[in-house]
Amino acid sequence: MTAKEYLGQAKRAEARIGAMLERRQRYRGIAVKRGAGEADGLAGLEADIDRRIGEYVELVRGIEATIDRVRSEECREVLRYRYLNGWSWQVIAERTHYSKDWLWRLHARGLEAVEGERTV
């Protein structure tokens, strides 16, 4: 797994949780339309959501710890904004006042640092 794939896991995990939450809402809506209480299968879905959230929290902690070991504060900042906040390059450029070219260089350096650390 590349550094970019590793760091990108948080976004994918968050999307899976979001999809589960939407599904839960749909199930609840169907149960209300039927005039029933909580749907029987909802308890299992709730447990799955709780498990996924726990996994997500652990994953994010690991990613944060990995980013924190990158030496350059500028690179850490870009990696956090991109992979933990999920910000677009445009938003990062506006918030940091860096050009996109500079952001991409910092991003590449940060990925190299993460890649080097993860292969050791």
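This report walks through how the helices of a predicted model meet, with a closer look at Thr 96 and Lys 100.

## Two helix pairs

Let's start with helix α1 (residues 3-34) and helix α2 (residues 42-68). Their axes come within 9 Å and cross at roughly 160 degrees. That makes α1 roughly antiparallel to α2, since an angle over 145 degrees counts as such. The crossing of this pair, α1 with α2, is left-handed.

Now for helix α3 (residues 73-84) and α4. Here the axes come within 10 Å, with a crossing angle of roughly 135 degrees, so the two helices are oblique to each other. The crossing of α3 and α4 is right-handed. On the α3 side, the contact is made by Glu 77, Val 78, Tyr 81 and Arg 82, and α4 brings in Trp 89, Ile 92 and Thr 96.

## The buried side of α4

Which residues of α4 are buried? They are Trp 89, Ile 92, Ala 93 and Thr 96. These residues sit on the same side of α4, because they span an arc of only 100 degrees around its axis. Trp 89, Ile 92 and Thr 96 have also come up already, in the contact with α3.

## Thr 96 and what follows it

Thr 96 belongs to helix α4, which covers residues 89-96. Its relative accessible area is 12%, so Thr 96 counts as buried, the cut-off being under 20%.

What does the Thr 96 side chain reach? One partner is the backbone oxygen of Ile 92, at 2.7 Å. Another is the backbone nitrogen of Tyr 98, at 3.3 Å. If you set aside neighbours within four places in sequence, Thr 96 is in contact with Glu 77, Tyr 81 and Leu 103. Glu 77 and Tyr 81 are among the α3 residues that make the contact with α4. Just after α4 comes His 97, which takes a positive phi of about 65 degrees.

## Lys 100 in α5

Moving along the chain, Lys 100 has its place in helix α5 (residues 100-119). Is Lys 100 buried or partly exposed? With a relative accessible area of 33%, Lys 100 is partly exposed.

Lys 100 also reaches back to α4. Leaving out residues up to four places away in sequence, Lys 100 touches Trp 89, Gln 90 and Ala 93. Of these, Trp 89 and Ala 93 are buried in α4. With Gln 90, the side chain of Lys 100 shares a polar contact of 3.0 Å. The C-alpha atoms of Lys 100 and Gln 90 are 7.5 Å apart, and the two residues are separated by 10 residues along the chain.

Definitions and conventions
Residues are numbered from 1 along each chain as its sequence is written. This is a predicted model: local features need pLDDT of at least 70, side-chain atom pairs count only at pLDDT 80 or more; totals for chains, interfaces and linings use all residues. Side-chain values use heavy atoms; hydrogens and water are left out. Helices (H or I, at least four residues) and strands (E, at least two) are DSSP runs, numbered from the N terminus. Buried means under 20% relative accessible area, exposed over 50%, partly exposed in between (1.4 Å probe, protein chains only). A polar contact is a pair of N or O atoms within 3.5 Å; within protein, one must be able to donate a hydrogen and the other to accept it, and residues adjacent in sequence count only if both atoms are side-chain atoms. Contact means heavy atoms within 4.5 Å. The arc is that of the directions from the helix axis to the C-beta atoms. Axes are lines fitted to C-alpha atoms, for helices over the stretch in contact, and angles run from 0 to 180 degrees between N-to-C directions. Angles under 35 degrees count as roughly parallel, over 145 as roughly antiparallel, 65 to 115 as roughly perpendicular and the rest as oblique. A crossing is left-handed if the near helix is turned anticlockwise from the far one by less than a right angle, and right-handed if clockwise.
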